[in-house]
Amino acid sequence: MANLLKSSIGRKFLMALSALFLIIFLIVHVSVNLISLFSEEAFNEASHFMGTNFFVQFLMQPILFAGVIFHFIMGFVLEYQNKRARGNIRYAVNSSYNATWMSKNMIYSGLVILAFLGLHLFDFWYPTVKAHYCTHEELNYYMELHNKFQEPIRVLIYCISFILLGLHLNHGFQSAFQSSGVNHPKYTPAIKYVGTLYSVIIPMLFIIIAVYHHFN
Ligand code: HEM
């Protein structure tokens, strides 16, 4: 681990692993939240399970938070590293003509997602932790979620963040596979295709959830 962190390729590899882990987390997260579109009871049961299960709370959640923190710290480290490298070889800038604006500025969409996460954890995670460990109230997870999306401004901030999340994922998905060594002329186009689908579908589902609860 220490050796991986010391080399630039090792850092990119670890960044890619944390990205792949977060990509899987988003699938689980959106799946649980989608239940809220169909059944209040089922959503409350699923959330209760996630919020009280020992394995989820004391193993998966700490790993998730560690993964999120690692991903953001590494994002800043790699951005600094890239900036320095670009500064040293200004003449080679032309070599990055093929890169999209978003791929060269992942740090900005990442910063918006970081700000969103701050708001989101304050909105949803903090009240759950408070209810579980401080006030010991019985939570109606569905009503918590539903009430949060009554304010138009919150829905708007969330939806803008989901669009930026989509743009971040569109480059991040294929880049994570490439940096983790999955790079083959036969598979790369398929990975790009799945990445584009993923980065459109996941944020769109999150948008549908927020908008649905606002209008219902
Ligand atoms: C409409 C969209 C979303 C809804 C309704 C939603 C809902 C929730 C809820 C209810 C919780 C609290 C779970 C608990 O009781 O502990 C939560 C936690 C969390 N959410 Fe979201 N979420 C949404 C989008 C997102 C997105 C896009 C991300 C990542 C970019 C995200 C990342 C997290 C994280 C890291 C946690 C804390 C870990 C956890 O408790 O599972 N969420 N979310």
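These questions and answers walk through a predicted model of one protein chain.

Me: How many helices and how many strands does the chain have?
Reply: The model is predicted. From the N terminus on, its elements run α-α-α-α-α-α-α-α-α. The count is nine helices and zero strands.

Me: What box do the C-alpha atoms of the chain fill?
Reply: The box is taken along the principal axes. Its dimensions are roughly 60 × 35 × 35 Å.

Me: What percentage of the residues in the chain is buried?
Reply: Buried means under 20% relative accessible area. The chain has 216 residues. The buried share of them is 38%.

Me: How many salt bridges does the rule count?
Reply: The rule asks for a side-chain nitrogen of Lys or Arg within 4 Å of a carboxyl oxygen of Asp or Glu. One such pair is Lys 83 with Glu 79. Arg 154 pairs with Asp 123 and also with Glu 151. The count comes to three.

Me: Which helix holds both Lys 83 and Glu 79?
Reply: Their side chains meet in a salt bridge, 3.0 Å from N to O. The two residues are four apart, about one turn of the helix. That helix, residues 54–88, is α4.

Me: Is Glu 79 buried or exposed?
Reply: Its partner Lys 83 has 45% relative accessibility, so Lys 83 counts as partly exposed. Glu 79 has a relative accessible area of 15%. The cut-off for buried is under 20%. Glu 79 is therefore buried.

Me: How far apart are the closest N and O atoms of Asp 123 and Arg 154?
Reply: These two residues form a salt bridge. The pair links distant parts of the chain, 31 residues apart, with Asp 123 in α6 (residues 106–135) and Arg 154 in α8. Both residues are buried. Their closest N and O atoms are separated by 2.8 Å.

Me: What is the relative accessible area of Asp 123?
Reply: Asp 123 lies in helix α6. It counts as buried because its value falls under 20%. The relative accessible area of Asp 123 is 2%.

Me: Which residues are linked in a network of salt bridges?
Reply: Arg 154 is buried, with a relative accessible area of 15%. It meets Glu 151 at 3.3 Å, N to O. Glu 151 is partly exposed, at 43%. With the bridge from Arg 154 to Asp 123 included, the network consists of Asp 123, Glu 151 and Arg 154.

Me: How far apart in space are Asp 123 and Lys 148, C-alpha to C-alpha?
Reply: In sequence, Asp 123 and Lys 148 are 25 residues apart. In space, their C-alpha atoms are separated by 7.4 Å.

Me: Which helix gives the most to the lining of the largest cavity?
Reply: The count is one cavity of 30 Å³ or more. The lining includes Gln 174, Thr 188 and Lys 192. Both α8 (152–179) and α9 supply at least two lining residues. The top contributor, with three residues, is α9.

Me: How many of the residues lining the largest cavity are nonpolar, polar and charged?
Reply: The space in this cavity is about 40 Å³. Among its lining residues are Gln 178, Val 182, Asn 183 and Ile 191. The lining divides into two nonpolar, four polar and one charged.

Me: How much accessible area does the nonpolar patch have together?
Reply: The patch lies on the surface and is formed by Tyr 193, Val 194, Leu 197, Val 200, Ile 201, Met 204 and Ile 208. Tyr 193 belongs to helix α9, residues 188–215. Tyr 193 counts as exposed because its relative accessibility is 57%, over the 50% cut-off. Together the patch residues have about 640 Å².

Me: How far apart are the C-alpha atoms of Tyr 212 and His 146?
Reply: Tyr 212 also has its place in helix α9. With a relative accessible area of 28%, Tyr 212 is partly exposed. His 146 is 66 residues away along the chain. The C-alpha separation is 9.0 Å.

Me: What is the phi of His 136?
Reply: Most residues other than glycine have a negative phi. His 136 sits in the loop between α6 and α7 (141–148). At 59% relative accessibility, His 136 is exposed. It is not a glycine, yet its phi is positive, about 55°.

Terms used. Residues numbered from 1 in each chain as written. Predicted model: local features only at pLDDT ≥ 70, side-chain atom pairs only at ≥ 80, totals over all residues. Heavy atoms only, no water. Patch = residues over 30% accessible without salt bridge, like charges linked within 9 Å, V, L, I, M, F, W, Y side chains within 5 Å. Areas by Shrake-Rupley, 256 points an atom, 1.4 Å probe, with all protein chains shown as cover. Buried < 20%, exposed > 50% of the residue type's maximum accessible area, 1.4 Å probe, protein only. 1 Å grid on protein atoms, 1.4 Å probe; cavity = no way out; pocket = protein on both sides within 12 Å on 5 of 7 lines; lining within 4 Å. Points joined across faces, edges and corners; volume = space filled by probe spheres on them. Nonpolar A, V, L, I, M, F, W, Y, C, P; charged D, E, K, R; others polar.
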